[in-house]
Amino acid sequence: MELDLTNISEPFASMLRELSSLSVRDEIELTQIPSPAGIATESIAISAEIVHETASDHGVSRLVFCRNPEIPEGWNSEFRIIGYAKSPIELEMAKDDYTAALPWEWLKDSLAAEKAGFAHEAGTTTTVISTGHGALIAQPQHAELEIRASWAPTSFDLASHLMGWIELLALISGLPPKDSKVMRIS
C-alpha cells in the first residue's frame with residue numbers, strides 16, 4: 001500500500017512510513033482513504049477490507065492515525081488511533097448478549113499479541129439485528145457486529161497497531177487466526 005504523506009510533519013511521517021511496507025494477510029486489502037475533516041491537526045486514514053473468496057459477505061474497517069500537539073481533552077497524548085470495524089454475523093450469535101463484548105476483548109488481545117502498547121482506550125461494541133418491512137418484507141433478518149474504538153499508542157511502532165487492528169477485523173469476520181493450524185476443508 002502506497003501512502004500519501006503530503007502535509008504530514010516529518011516526525012509523524014517517519015512513524016507512518018513503515019505502514020507502506022507491511023506484509024498483511026492475503027484475505028485483507030489495505031487502501032489509504034481520505035481522513036475525516038477536523039479530527040486532528042494531522043491524520044491519515046486506512047481502509048481494511050476482507051477480500052476472501054469464502055466470505056459470502058465481508059468485514060470492513062477504517063483506522064485513523066492522528067497527531068495533535070495540543071493534546072485534545074480525552075486523548076492524554078498528542079497521538080490517537082481511532083478505528084471502526086463491522087462485519088455480518090450469524091443471526092443466532094447476534095441474539096447472544098455475550099457476543100457484543102467479544103470485539104472489545106479481541107481488540108485488546110490483538111494489540112497485545114502484536115506488542116502494540118496502548119493506554120486510555122475507549123469505545124463501543126454494537127450488535128445490530130435488521131428486519132425488513134414494507135417493500136423489504138421478504139428480506140431475511142440479518143445481523144452485524146460493530147466496534148468503534150480509540151486509544152493512545154504508548155509504543156510508536158504504528159505498524160504493530162495496524163497489524164493488531166487487521167487481526168481484529170479478521171476475527172470479527174470469521175477468518176481463522178493468522179497463526180492458526182486450523183484448515184478450511186472445501
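A residue is taken as buried here when its relative accessible area is under 20%. By that yardstick, strand β2, spanning residues 42-50, is mostly covered, with eight of its nine residues buried. The model is a predicted one, so a quick look at confidence comes before the rest of the architecture.

Averaged over the chain, pLDDT comes to 89, and 91% of the residues score at least 70. Broken down by element, the lowest mean belongs to helix α2 (residues 91-94) at 85, while β3 has the highest at 96. The weak spot to flag is residues 182-186, where pLDDT stays under 50. For that stretch the model has three contacts beyond four places in sequence. Where pLDDT is low, the predicted coordinates are not something to read in detail.

Now for the sheet. Six strands form an open sheet in the order β1-β2-β3-β4-β6-β5, and the pairing is antiparallel. Strands β1 and β5 sit at the edges with a single partner strand each, so one side of each has no neighbour in the sheet. From one strand to the next, the twist averages 15°.

Going through some of the pairings, β1 (residues 28-33) is joined to β2 by six bridges, and the two run antiparallel. In this pair, Ile-28 is found opposite Ile-50 of β2. On to β3 (residues 60-67): β2 pairs with this strand over eight bridges, again in the antiparallel sense. Here Glu-42 faces Arg-67 of β3 as its opposite number. Further along, β4 (residues 79-89) and β6 (residues 142-153) are antiparallel too, with nine bridges between them. Lys-86 stands opposite Glu-146 in β6. As a general matter, strands of a sheet pair through backbone hydrogen bonds.

Two helices lie across this sheet. Helix α3 lies across β5 and β6, running at about 45° to β6. Helix α4 lies across β1, β2, β3, β4, β5 and β6, and runs at about 15° to β4.

The two helices also pack on each other. The angle between α3 and α4 (residues 158-172) is about 145°, and their axes are 8 Å apart. The crossing is right-handed. On the α3 side, the contact is made by Pro-103, Trp-106, Leu-107, Ser-110 and Leu-111. These meet His-161, Gly-164, Trp-165, Glu-167, Leu-168, Leu-171 and Ile-172 of α4. Sorted by class, the contact of α3 with α4 has eight nonpolar residues, three polar ones and one charged.

Finally, a couple of backbone oddities. Most residues other than glycine have a negative phi. Asn-7 is not a glycine, yet its phi is positive, at about 70°. This residue belongs to the segment before α1 (10-16). Is Asn-7 buried or exposed? With 72% relative accessibility, Asn-7 counts as exposed, because the cut-off for that label is over 50%. Lys-115 is another non-glycine residue with a positive phi, of about 60°. Its place is in the loop between α3 (102-113) and β5 (118-130). Lys-115 counts as exposed as well, at 69% relative accessibility.

Methods. Residues are numbered from 1 along each chain as its sequence is written. This is a predicted model: local features need pLDDT of at least 70, side-chain atom pairs count only at pLDDT 80 or more; totals for chains, interfaces and linings use all residues. Side-chain values use heavy atoms; hydrogens and water are left out. Buried means under 20% relative accessible area, exposed over 50%, partly exposed in between (1.4 Å probe, protein chains only). Helices (H or I, at least four residues) and strands (E, at least two) are DSSP runs, numbered from the N terminus. Two strands pair if DSSP finds at least two bridges between them. Axes are lines fitted to C-alpha atoms, for helices over the stretch in contact, and angles run from 0 to 180 degrees between N-to-C directions. A crossing is left-handed if the near helix is turned anticlockwise from the far one by less than a right angle, and right-handed if clockwise. Contact means heavy atoms within 4.5 Å. Ala, Val, Leu, Ile, Met, Phe, Trp, Tyr, Cys and Pro count as nonpolar, Asp, Glu, Lys and Arg as charged, and the others, Gly among them, as polar. pLDDT is the predictor's confidence in each residue, from 0 to 100.
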